[in-house]
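Biologist: I am new to this structure and should like to go through it step by step. May we look at it together?

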Number of protein chains: 2
Amino acid sequence: MTSETSTTTPAATAQASQDLLTRRYATLGSHSPLFYDKPLELVSGTGVWLTDSDGKTYLDGYNNVPHVGHANPMVADAINAQLRQINLHTRYLNSRVVEYAEALLATFSGELQRLFLTNSGSEANELALRIARQHTGNTGVLVSDFSYHGNTTSLAELTTGLKVREPFGQHVRALRIPDATETDDHERLLREALMDVDAAIASLQESGHGVSAFLYDPLFSTEGLVQVPDGYIEGVSTRVRAAGGLVIADEVQSGFGRIGSLMWGHQMYSTTPDLVTLGKPMGNGHPVGGVVTSADLLDEFGRHNMYFNTFAGNPVSSAAGMAVLHFMQQEDLMAQADSLGGYIAGRLATVAAGSPHVGSVRGRGLYFGLDIVEAEGSGPAPQLTKALIESMRERGVLISRIGRDDNVLKMRPPLVFTRQNADILLEQLTESLAALKA
Amino acid sequence: MTSETSTTTPAATAQASQDLLTRRYATLGSHSPLFYDKPLELVSGTGVWLTDSDGKTYLDGYNNVPHVGHANPMVADAINAQLRQINLHTRYLNSRVVEYAEALLATFSGELQRLFLTNSGSEANELALRIARQHTGNTGVLVSDFSYHGNTTSLAELTTGLKVREPFGQHVRALRIPDATETDDHERLLREALMDVDAAIASLQESGHGVSAFLYDPLFSTEGLVQVPDGYIEGVSTRVRAAGGLVIADEVQSGFGRIGSLMWGHQMYSTTPDLVTLGKPMGNGHPVGGVVTSADLLDEFGRHNMYFNTFAGNPVSSAAGMAVLHFMQQEDLMAQADSLGGYIAGRLATVAAGSPHVGSVRGRGLYFGLDIVEAEGSGPAPQLTKALIESMRERGVLISRIGRDDNVLKMRPPLVFTRQNADILLEQLTESLAALKA
């Protein structure tokens, strides 16, 4: 050993990150998406805090996958213990997957009492579509006109919210989701939107595809956190079922208490979907997803298909999922998300009132957004939105954006976010907005 | 505390397993597949050994997912350490995924120098098909007539080796894979098999689907470890490419040194595929998969699609994959699989010679099979095969079966299998076969 300590200059770490980027391009290619003009190299995290390769810390206002916090020790302990005990597929009996399925299904109501486990939200939506198509004998799907449900071929065919090369499916109809924040005449908005649904269903039937499913994110996140008028989801669901179709709620973003007052986004509406798909926060980053459905639909699919998924339902993935549920309960995270969400919404209304660049305040619980506009009453400002996100990064807060016009600030922190964290985010956001004026 | 110790009788544990089964049916349903007439509840494992809820130990002669052994401490340590540091998606830079990609790609040759990471083999095959279809502008696919490549819709449409409800795709042609063990006239076998390929390609072109890909498992595992005549894979590849299609090697079963002398199954043939898909053993049970391809194909896909996969390439999955590669290298597992595979093949030939119920000896490296027949020179014996598997379980060795006729014993142990382990398996197999005669 020597008495020298290694010192790293900012220039040296910048060069190291550049080298890493070059090596990434040479292995994963240059199209694999990265955030920020100058990509951010993150080396460690704990709770809602992340540290980059320069040693700078960031408040995480963006990532929902580390649901119970970065490097959550309860999740790490559960995974670690199980890894050292046994990790196998479900063709042998093991209690972990059953215990987890029971705990998870206890958070659902009605007929949603059976579970398929998968390794991702994409696999979950893919499976839900297979079930719906087989059950109905139809192929047609209704989705929103700015949505994303996964990266498989079947899901690419119905992707409207990002670039895919597959042609938009002839069996798909895209619905414009009505935004209740854009008008006071909710009755007319609802009536017109449901007429669109009727037309889409008629078109699917006339073209011979029929209706297999309506697939929706209860928060309409990708769309920019659209707030639908009362009765919309119920109206669509009634019409879809009348046409013989099923309703699939994609809870990959809206689920697991994200909205605070309710465990599942679909519970905001007075109709229960036939299938619910799960993903992102389910294992706090461990690859796990699922489809929750009725005994009838699961049994029908199981009778006609040998469905097996090698990794899904293994005891380690189950232990990860169980630890997330335990931690949420132990720390009462839903109640915290509910009250903190209310507090943030109130503060954001003040922020909006104080800046000409902020339109609507959107979201619920710990998923909130701000419309960024050129000036009061004017149109979307994607460039300003991007500038705000970069400014927030400089100020040590990570957020992103969503929406048709790329102008809705997307704030969706780990569920362990506290009021003190929120105050930092809100203060930096206020300053970033003020700096825009300068 | 009392001085009493809890004792568990066999009857009590049998009842506990029955209760667990009932609870499993009430959550995962009764169609989720289970091995054995009486399902086996496994509670712990280490290396090649597993323990059931009665405390009985089993030699694992079946599971390839725990590639470097059950509860491998190097893998558990790597996952555990990374979980406590950071676990995030690839839209931030992190060195782990790049280091893993470099190490993995170093095992490939030719143009196979780019990597997409996924969470499963199904996701990998799904992505490979998307790439092939987009690149070629065609939809047609050639597969073997008894194969399985995953559980998505696109893969269900080309599944021939297990029950799915989706109609067999009009854009798919199933090839009978020629079996060189069935005849000495390999030249004729090859010629006729390639005529089938020509016919299948012509049919795809005439029907307007064209050829996007030939998708094959280099070991033809599901088919029953079919040994193709020399020149078959090369001949199919030439024809598929002449028709504008790509070649996809599904290495989910054949890869990662399973065959001993080579890291990848496709390296047995003198043609390099355009895409290679990975899964099962890649993370020793941690959900990870991937697609390896050329820079051109990756870039073309990346330019036209915003492909993102939330969990894929996260630093924990990358650490798991890296630990598998490290452990393989440290323990020289490929060389061991190669020499042990040779030893086992020799011993199996003796077993075959000593039993009227054994036909061909199949497989390579640590993936081997035995055709079980009614009597010498007669047809497949699926019932005897099943009886052998149940008998082996009673004798404390886990194996399974594959093949069109469900009559090929499937032996595919963790790669840490030793000669001593092999001797136990072979001894119990000999006794099980002898007991059949009784």
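Biologist: Which residues of helix α7 (residues 232-242) of chain A are buried?

Modeller: The model is a predicted one. A residue counts as buried when its relative accessible area is under 20%. In helix α7 of chain A, the residues that meet this cut-off are A:Y232, A:I233, A:E234, A:G235, A:V236, A:S237 and A:V240.

Biologist: Against which elements of chain A do the buried residues of α7(A) pack?

Modeller: The packing partners of these buried residues include one helix, α6 (186-206) of chain A. Past its end, α7(A) is followed by A:G244, whose phi is positive, near 90°. The full set of elements packed against the buried residues is β5 (141-144), β6 (172-175), α6 (186-206), β7 (213-216) and β8 (246-250) of chain A.

Biologist: What is the radius of gyration of chain A?

Modeller: The secondary structure of chain A comes to 12 helices and 15 strands, and its C-alpha atoms fill a box of roughly 75 × 60 × 45 Å along the principal axes. For 438 residues, a compact globule would have a radius of gyration near 22 Å. Chain A agrees with that expectation, because its own value is 22 Å.

Biologist: What percentage of the residues of chain A count as buried?

Modeller: Among contacts in chain A with a separation of 6 or more, 73% come from residues 24 or more positions apart. The burial figure refers to the 438 residues of the chain. The share that counts as buried is 62%.

Biologist: Is A:S294 buried or exposed?

Modeller: A:S294 is placed in the loop between β10 (289-293) and α8 (295-304) of chain A. Leaving aside residues up to four places away in sequence, A:S294 touches A:E111, A:R114 and A:D274. Its relative accessible area is 8%, and the cut-off is under 20%, so A:S294 is buried.

Biologist: How many residues does chain A give to the contact with chain B?

Modeller: Together the two chains bury about 8,800 Å², with 56% of this area on carbon and sulfur atoms. Chain B brings 99 residues to the contact. The number from chain A is 98 residues.

Biologist: How many salt bridges lie across the interface of chain B and chain A?

Modeller: Side chains of opposite charge can pair when their charged atoms come close. Over all chains of the structure, the search finds 32 salt bridges. Across the interface of chain B and chain A, one of them joins A:E300 and B:R165 at 3.4 Å, N to O. The number found across this interface is 8.

Biologist: Which element gives the most to the side of chain B that touches chain A?

Modeller: Chain B and chain A have 52 residue pairs in polar contact. Elements that give two or more residues to this side of chain B include α1 (10-28), β1 (42-46), α2 (73-83) and α8 (295-304). The residues of this side divide into 42 nonpolar, 37 polar and 20 charged. With 9 residues, the element that gives the most is α1(B).

Biologist: Where in chain A does A:R84, the partner of B:D77, lie?

Modeller: The side chains of B:D77 and A:R84 meet in a salt bridge at 2.7 Å, N to O. This pair crosses between chains, starting from B:D77 in helix α2 of chain B. Both count as partly exposed, B:D77 at 41% relative accessibility and A:R84 at 37%. The position of A:R84 is the loop between α2 (73-83) and α3 (95-105) of chain A.

Biologist: Which helix of chain B holds B:R23, the partner of A:E102?

Modeller: A:E102 and B:R23 form a salt bridge at 2.8 Å, N to O. A:E102 is partly exposed at 30%, and B:R23 is partly exposed at 32%. The pair joins two chains, because A:E102 lies in helix α3 of chain A and B:R23 in helix α1.

Biologist: How many residues apart are B:R362 and B:D179?

Modeller: B:R362 forms a salt bridge with B:D179, with the closest N and O atoms 2.9 Å apart. B:R362 is buried at 8%, and B:D179 is buried at 6%. The pair links strand β11 (residues 358-364) of chain B to the loop between β6 (172-175) and α6 (186-206), a separation of 183 residues.

Conventions. Residues are numbered from 1 along each chain as its sequence is written. Chains are lettered from A and ligands numbered from 1 in the order in which they are written. This is a predicted model: local features need pLDDT of at least 70, side-chain atom pairs count only at pLDDT 80 or more; totals for chains, interfaces and linings use all residues. Side-chain values use heavy atoms; hydrogens and water are left out. Contact means heavy atoms within 4.5 Å. Buried area is the accessible area (1.4 Å probe) that two parts lose on being put together, summed over both. A salt bridge is a side-chain nitrogen of Lys or Arg within 4 Å of a carboxyl oxygen of Asp or Glu. A polar contact is a pair of N or O atoms within 3.5 Å; within protein, one must be able to donate a hydrogen and the other to accept it, and residues adjacent in sequence count only if both atoms are side-chain atoms. Helices (H or I, at least four residues) and strands (E, at least two) are DSSP runs, numbered from the N terminus. Ala, Val, Leu, Ile, Met, Phe, Trp, Tyr, Cys and Pro count as nonpolar, Asp, Glu, Lys and Arg as charged, and the others, Gly among them, as polar. Buried means under 20% relative accessible area, exposed over 50%, partly exposed in between (1.4 Å probe, protein chains only). The radius of gyration is taken over C-alpha atoms; the globule rule is 2.2 Å times the number of residues to the power 0.38.
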